[in-house]
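Biologist: Please take a close look at how the helices of one chain pack against each other, and then follow the chain to its neighbour.

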Amino acid sequence: MADATTTEPRLRQPRDTATGGSWAGKMPGAKRRGRGRTQAWLWALPPVAVLALVFLYPLALVIQQSFTTDMGETSAEPYSEVFASQAFRDALGTTVWLAVGSTIGCLVLGFVLATIVAFVPFPGSRAVAKFIDVFLSFPSFLITLALLFIYGTVGMANGIWTDATGASAGPIDFLTTPWGVLLAEVTFFTPFVMRPLLAAFSQLDTAQLEVASSLGARPLRIIRQIILPEALPALGAGGALVLVMTLNEFGIVLFTGAKDVTTLPMLVYSKAILESDYTAACVVAVVNIAISVGLYSLYRVVSRRAGA
Amino acid sequence: MSAPAMTAAAPAAGTRASGIRFEGVSVAYGDTVVLDSLDLTVEPGEVMALLGPSGSGKTTALRAVAGFVTPASGRVFIGDRDVTGLPPYKRGVGMVVQQYALFPHMKVEDNVAFGLKAQKAPRGEIGGRVAEALRMTGMDAYAGRYPRELSGGQQQRVAIARALAIQPDVLLLDEPLSALDAQLRAGMLAELARLHRELPDLSILYVTHDQVEALTLADRIAVMDKARLRDCGTPQELYRRPATEFTASFVGNANLLRVAVADGAASLDGTRLEVSGDVTGTEGTLCVRPHLVGLGDGPNALRGAVTGLQWRGSSHRVTVAVAGQEVTAEVRELRTPPGLGDEVTVHFAAEDAHLLPQGGALRG
C-alpha cells in the first residue's frame with residue numbers, strides 16, 4: 001500500500017526526439033520546425049549529390065544529346081529520323097518480341113519448376129532450391145557460353161550427330177538466330193521467376209492442398225485453382241522483373257553472335273561505338289528507358305489494384 | 001448458429017453409411033515408428049475420438065484414412081472398401097483441419113462448391129447443395145464473403161460446410177477447435193453435436209488432445225500414446241473404469257494409489273479398502289477421481305497430513321499425504337479449510353475406487 005503522504009512521482013518532460021534533445025523544448029515551435037527541416041536537408045544532401053553526379057547528370061546528358069541535331073540545335077528532329085528508320089523499327093520489334101517471348105517462357109517454365117521443387121518431394125529438392133539462389137548471381141554470358149558448348153555449330157550436340165552419322169556438320173544451328181537468343185534468355189532468367197514463386201509457395205498452407213485433394217480434386221485442378229491463384233502476385237513480380245531485364249539485355253545477344261538479331265541495346269551499341277552516331281544512340285537509349293520505366297509503372301499500377 | 005431442420009436435399013451420408021476400419025496399420029518415417037499396429041473400428045454413424053498427447057500417433061492415423069500417409073503395413077477400410085492404396089481424391093472423405101485451410105481467394109460459396117465441382121456434380125445440383133450445407137452450419141448469410149472477412153469460428157463453420165457438401169462417407173476432424181478461444185470452442189462443440197444428430201449416419205473420426213472435447217462429443221474414445229492404442233471405450237467406461245494408468249490420468253484427473261491386494265480386497269498402509277475392479281494378484285493401482293473423495297469419516301477412510309490446499313472459488317482442492325502417497329480431494333468450498341500439516345481423514349466409496357487391471361490390458 002502506498003503511504004498517504006507519499007507524493008506522486010513527477011512525470012518527466014518529454015524529450016523532443018525529432019530535433020534531438022531537451023534543449024529544443026526551449027525554442028519557439030516554428031523556429032524549431034524550420035531548424036529540423038534544415039537538418040533533414042543537410043542529411044539528404046550527400047546521397048542526392050552522389051545520385052545526381054553518377055546517374056541523373058549522365059542521364060540528363062543523354063536526353064539532352066538526343067534532342068541535339070548535327071548542327072548543334074535543340075530539336076525533336078533526331079527522333080523523327082530514328083523513328084523513320086527501318087533499322088530502329090526492326091530493333092524495336094525484335095526487342096519487344098524477344099522480351100515478351102522470354103517472359104512468357106520464363107513464367108511457364110519457372111512456374112512448373114517451382115511447383116515441382118516446392119510440392120513434389122524428391123531427394124535433393126532443397127539443394128535445387130538453394131542452387132536457384134546461386135544461379136541468380138551468375139553472369140548472363142556464362143549461360144550463353146554453356147549453350148554454345150552444347151548447341152553451337154561445333155558444340156556437343158552436333159559432335160554426337162557427326163560422330164554417329166559421319167556427316168561433315170550437325171543439323172543444330174539455331175543459336176545465332178532469335179530462337180537461340182530466346183533459349184538463352186529463358187534459361188538465364190527463369191530463376192528470377194522461380195525465386196519469388198518459391199518464397200510465395202513457402203507461405204502457402206499445405207493443408208489447403210490436402211483438403212482440396214480430400215474433396216476430390218486431382219493434382220491439375222489443385223494447381224489451377226489453388227496454387228496458381230495464390231502464386232499470381234509472385235508471378236507478376238517475377239514476370240515484370242524479367243520483362244524489364246530482357247528488354248535491356250545486351251550480353252546474351254552479343255555473346256550468341258547472332259548477327260541478324262538487333263535489339264534496342266544492340267542498336268545503341270552499334271550507333272554509338274561502331275557508327276559514332278551519338279545522337280541516334282541517345283534517341284534509341286531514351287526510347288529503351290521510356291519503355292522500361294513505362295512497363296514497370298504499369299506493373300506497379302496493376303499490382304496495386306490487384307492488392308499484391 | 002441456428003438449428004435448421006434437414007431437408008431432402010441436405011448433404012447427408014445416410015444412404016451410404018460407412019465406418020472406418022484399421023487393420024494392423026503401422027506408419028514409419030525411416031526408423032521412427034509413428035503409428036504402431038493400430039487395430040480399430042469406427043462403426044457407421046459413430047463418433048470416435050482419437051485422444052492423446054502430441055506425438056501419440058492420432059493425427060497420423062487420421063492422415064492414413066485421408067490418404068496423406070502410406071502405411072508401412074496394414075490396411076485401411078472405409079466401409080467395405082480397401083482404400084489403403086487409393087489416392088486421397090478417390091476416398092470420398094470430408095476433412096476439417098485446425099487452421100480451417102479455406103481457399104483465401106474464393107468466396108465462401110465457392111469454397112463450399114469446390115468439392116462438388118471437383119467431383120463433377122451436376123451443375124443444377126451444386127447451388128442447392130452449397131446453400132443447404134451453409135444453412136446447416138448457419139453460414140448462409142455469409143455466402144458472398146471472403147474468408148478474410150470472417151471470424152475464426154465462422155471460418156471453421158465454412159470448413160465444416162465445405163466438408164459436408166460432398167456428402168462424405170466419413171468426416172475426419174483434425175483438432176478442429178484448437179484454434180478457437182474457450183468460449184467459441186464450447187459453442188462449436190455444441191454445434192458439432194447438433195450436426196451429428198442431424199446426420200446420424202455420418203461416421204466421424206475426431207482427433208483431439210482435449211479430453212473435454214472427446215468426452216463431450218464422442219460415442220467412443222480411443223486413447224493413444226507413443227504411437228500405440230492404449231485404451232478404447234465409451235467416455236463413461238474410460239472415465240469410470242480406465243484400463244491403464246495412462247488412460248486414468250489422461251482422461252480426467254485421478255488419484256493413482258499403489259496398494260497391496262489380498263483376499264479380494266486392497267489395503268493401503270494396513271487399512272483394508274473395499275474396491276471394485278480386478279481384485280486379484282498381490283498388488284495393484286487404485287484409481288479414485290478427486291471429486292469422489294470426501295473429507296471426514298466414511299467408508300475406506302484414510303488418515304494423513306494436509307500437504308496442499310487450493311481454493312478454486314466454488315471448491316477446495318485438498319491434498320493429503322497417506323503412507324507416502326498423495327490423495328487429492330476435490331470438495332465443495334469449505335467454510336473452515338484445514339491448514340497445511342493438519343491431520344485429516346479422507347474417504348471414498350467402494351464403487352468409486354477402481355483397481356486397474358493387471359498389466360493394463362486393453363478392454364475387449
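Modeller: The answer goes from helix packing to the contact between chains, and then to the sheets beyond it.

This is a predicted model, in which local features need pLDDT of at least 70 and side-chain atom pairs count only at pLDDT 80 or more, while totals for chains, interfaces and linings use all residues. Residues are numbered from 1 along each chain as its sequence is written, and chains are lettered from A and ligands numbered from 1 in the order in which they are written.

Start with helix α3 of chain A, residues 86-119, and helix α7 of chain A, residues 178-203. Helices here are DSSP runs of H or I with at least four residues, strands are runs of E with at least two, and both are numbered from the N terminus. The axes of α3(A) and α7(A) come within 6 Å and cross at roughly 45°. An axis is a line fitted to C-alpha atoms, for helices over the stretch in contact, and angles run from 0 to 180 degrees between N-to-C directions. The two helices α3(A) and α7(A) are therefore oblique to each other. Under 35 degrees counts as roughly parallel, over 145 as roughly antiparallel, 65 to 115 as roughly perpendicular, and the rest as oblique. The crossing of α3(A) with α7(A) is right-handed; that is, the near helix is turned clockwise from the far one by less than a right angle, and anticlockwise would be left-handed. In the contact of α3(A) with α7(A) there are 20 nonpolar residues, six polar and one charged. Ala, Val, Leu, Ile, Met, Phe, Trp, Tyr, Cys and Pro count as nonpolar, Asp, Glu, Lys and Arg as charged, and the others, Gly among them, as polar.

Helix α7(A) also meets helix α5 of chain A, residues 140-151, with axes that come within 9 Å and cross at roughly 125°. The pair α5(A) and α7(A) is therefore oblique, and its crossing is right-handed. On the α5(A) side the contact is made by A:Ser140, A:Ile143, A:Thr144 and A:Leu147, and on the α7(A) side by A:Leu183, A:Ala184, A:Thr187 and A:Phe188. By class, the contact of α5(A) with α7(A) holds five nonpolar and three polar residues, with no charged ones.

Now return to α3(A), which packs with α9(A) at an angle of about 145°, their axes 9 Å apart. This crossing of α3(A) and α9(A) is right-handed. Residues that α3(A) brings to the contact include A:Leu98, A:Ser102, A:Cys106 and A:Phe111, and those from α9(A) include A:Ile227, A:Leu235, A:Gly238 and A:Val242. Twelve residues of the contact of α3(A) with α9(A) are nonpolar and eight are polar, and none is charged.

The next step is the contact between chains. Here 16 residues of chain A are in contact with 16 residues of chain B, where contact means that the C-beta atoms, placed from the backbone, lie within 7 Å. On chain A, α8 (206-214) and α9 (219-247) each supply at least two residues of the side that touches chain B. The largest share, seven residues, comes from α8(A). Sorted by class, this side of chain A has seven nonpolar, four polar and five charged residues.

On chain B, the topic is sheets. One is an open sheet of five strands in the order β16-β20-β17-β18-β19, with antiparallel pairing; two strands pair if DSSP finds at least two bridges between them. Its edge strands are β16 (294-295) and β19 of chain B, and each pairs on one side only. Inside this sheet, six bridges join β17(B), residues 302-311, to β18(B), residues 315-322. One of the residues to look at is B:Val306, whose bridge partner in β18(B) is B:Val320. The hairpin of β17(B) and β18(B) has three residues between the strands, and B:Gly313 in the turn has a positive phi of about 80°. Eight bridges then join β18(B) to β19(B), residues 325-332, and these strands run antiparallel. B:Val320 stands opposite B:Val327 in β19(B). Between β18(B) and β19(B) the hairpin has two residues, and B:Ala323 in the turn has a positive phi of about 50°.

Another open sheet of chain B has six strands in the order β6-β7-β8-β3-β9-β10, with mixed pairing. Its edges are β6 (93-97) and β10 (228-233), each with a single partner strand, so one side of each is left without a neighbour in the sheet.

Technical notes: Contact = placed C-beta atoms within 7 Å.
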